[in-house]
Amino acid sequence: MNFKIALIRGDGIGPEVVEEAVGVLETVGARFGHSYEWIDVLMGGCAYDAKGTPYPEGTKEACQRADAVLLGAVGGPKWDNLPPALRPEKALLAIRSDLGLYANLRPAALRPALKAACPLRSDIADKGFDLMLLRELTGGIYFGERKRYQTEDRGEEASDLMKYSEMEIERIGRRAFELARLRRKKVVSVDKANVLETSRLWRAVMHRLAAEYPDVAYSDMLVDNCAMQLVRDPSFFDVLVTENMFGDILSDEASMLTGSIGLLPSASIGDRTPGLYEPIHGSAPDIAGQDKANPVAAILSAAMMFRYSFRLAGEAAAIEKAVDLALSSGCRTADMAGSGAPLGTREMGKIIRGNI
Ligand code: NAD
Ligand code: IPM
Ligand code: MN
């Protein structure tokens, strides 16, 4: 098959890890008989530098015309003092929203070879874990009205509106139950219903859905407790579904339990639009341009592209196996604990390609 893939290389380590993922896609193409049309798309800080806007005209359309989008990361200190509308992160939110990518799948599993890199006590790490964090991606506080204004007697004041509709909650909730049916049939919905009205609505909708999926075990959990349960016993979780900001925070926490943030891929999916695949990590300005970044999250994002956009599970599994083989033979970039000299980004990518 021929696939049209839009590449948003982005900023910092973004281009470095995307390059390795593209190499892996090419290798999989050669082995399984696929070819690609690559479409380089400008977005983020690099787009601001080149065009004066992080989200140039044509970026959305180019992504819409593709079969899938692969993204590195955007943002960095260079653009941190721009007005909010010109920040690279604003473009990321815009593309997610414009493509209708409301479901963000962030799988966090402890790969057997990385038990020693898991920061948890060994009796917990020995049990292993395999959870799917499903993050609502186009609603909530990320997309509500923002204000900042001067008051007469309290200095400046700012507010961010958190809003959810039944429609938004129901569609992500259904995804959670459908995903659980393909896994261990257990959904934990994470909210802050003891305080937030959006969470009370969230919980009511989830309970209604739970009744439609009697074969799936369902429970609620408050987000502060969830942050704690994730380090107490991550094996408790199968599908964890939550709103946008809670999902952002909990997925960075979950990533570290797998050994490093440089390992966790993600798939952002809508109803009938191309999916967007990206590592959960950012542009890592502290290590950018030094061949130090871990390319595994980007490479596993390419595997998710095969699984969720192209419906080619064999190709996805081939990539995942190649990553596991590299890890079990002791290959480590600097972010993963381990003995011996760490491998660079390019060397790690090359070894994974060689394993396919
Ligand atoms: P970050 O994820 O970029 O980095 C946090 C820490 O993790 C750093 O020490 C970094 O070196 C390390 N790290 C991250 N990815 C790594 C990898 N692949 N290999 C090895 N180490 C890795 O988070 P941050 O520093 O808070 O954010 C930096 C910039 O990235 C900010 O501008 C932020 O807005 C942006 N960001 C973008 C995305 C995205 O585009 N999807 C995601 C998160 C953050
Ligand atoms: C992520 C990132 C983004 C988010 C930022 C860069 C806007 O942290 O993809 O996890 O918060 O969604
Ligand atoms: Mn994040």
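Mentor: Since pLDDT is the predictor's confidence in each residue, on a scale from 0 to 100, it is a sensible place to begin with this predicted model.

Trainee: What is the mean pLDDT of the protein, and how many of its residues reach 70 or more?

Mentor: Where pLDDT is low, coordinates from a prediction should not be read in detail. Here the protein has a mean pLDDT of 97, with 99% of its residues at 70 or more, and for the complex the predictor reports an ipTM of 0.99 together with a pTM of 0.98.

Trainee: Which residues come nearest to ligand 1, and how does the shell around ligand 1 divide by class?

Mentor: Around ligand 1 there are 22 residues, of which G75, G262, H281, G282 and N294 come nearest, and by class this shell comprises 11 nonpolar, 7 polar and 4 charged residues.

Trainee: Which residues are around ligand 2?

Mentor: The residues around ligand 2 are G75, E89, L92, D248, I280 and G282, a shell that divides into 2 nonpolar, 2 polar and 2 charged residues.

Trainee: Why is helix α6 described as oblique to α7?

Mentor: The axes of α6 (residues 166-181) and α7 (residues 197-212) come within 9 Å and cross at roughly 45°, and because that angle falls outside the parallel, antiparallel and perpendicular ranges, α6 is oblique to α7. The crossing of α6 past α7 is right-handed. On the α6 side, the contact is made by E166, I169, E170, G173, R174 and F177, while α7 contributes L201, W202, V205, M206 and L209; by class, the residues of this contact are 7 nonpolar, 1 polar and 3 charged.

Notes:
Residues are numbered from 1 along each chain as its sequence is written. Chains are lettered from A and ligands numbered from 1 in the order in which they are written. This is a predicted model: local features need pLDDT of at least 70, side-chain atom pairs count only at pLDDT 80 or more; totals for chains, interfaces and linings use all residues. A residue is near a molecule or strand if its C-beta atom, placed from the backbone, lies within 6 Å of it. Ala, Val, Leu, Ile, Met, Phe, Trp, Tyr, Cys and Pro count as nonpolar, Asp, Glu, Lys and Arg as charged, and the others, Gly among them, as polar. Axes are lines fitted to C-alpha atoms, for helices over the stretch in contact, and angles run from 0 to 180 degrees between N-to-C directions. Helices (H or I, at least four residues) and strands (E, at least two) are DSSP runs, numbered from the N terminus. Angles under 35 degrees count as roughly parallel, over 145 as roughly antiparallel, 65 to 115 as roughly perpendicular and the rest as oblique. A crossing is left-handed if the near helix is turned anticlockwise from the far one by less than a right angle, and right-handed if clockwise. Two residues are in contact if their C-beta atoms, placed from the backbone, lie within 7 Å.
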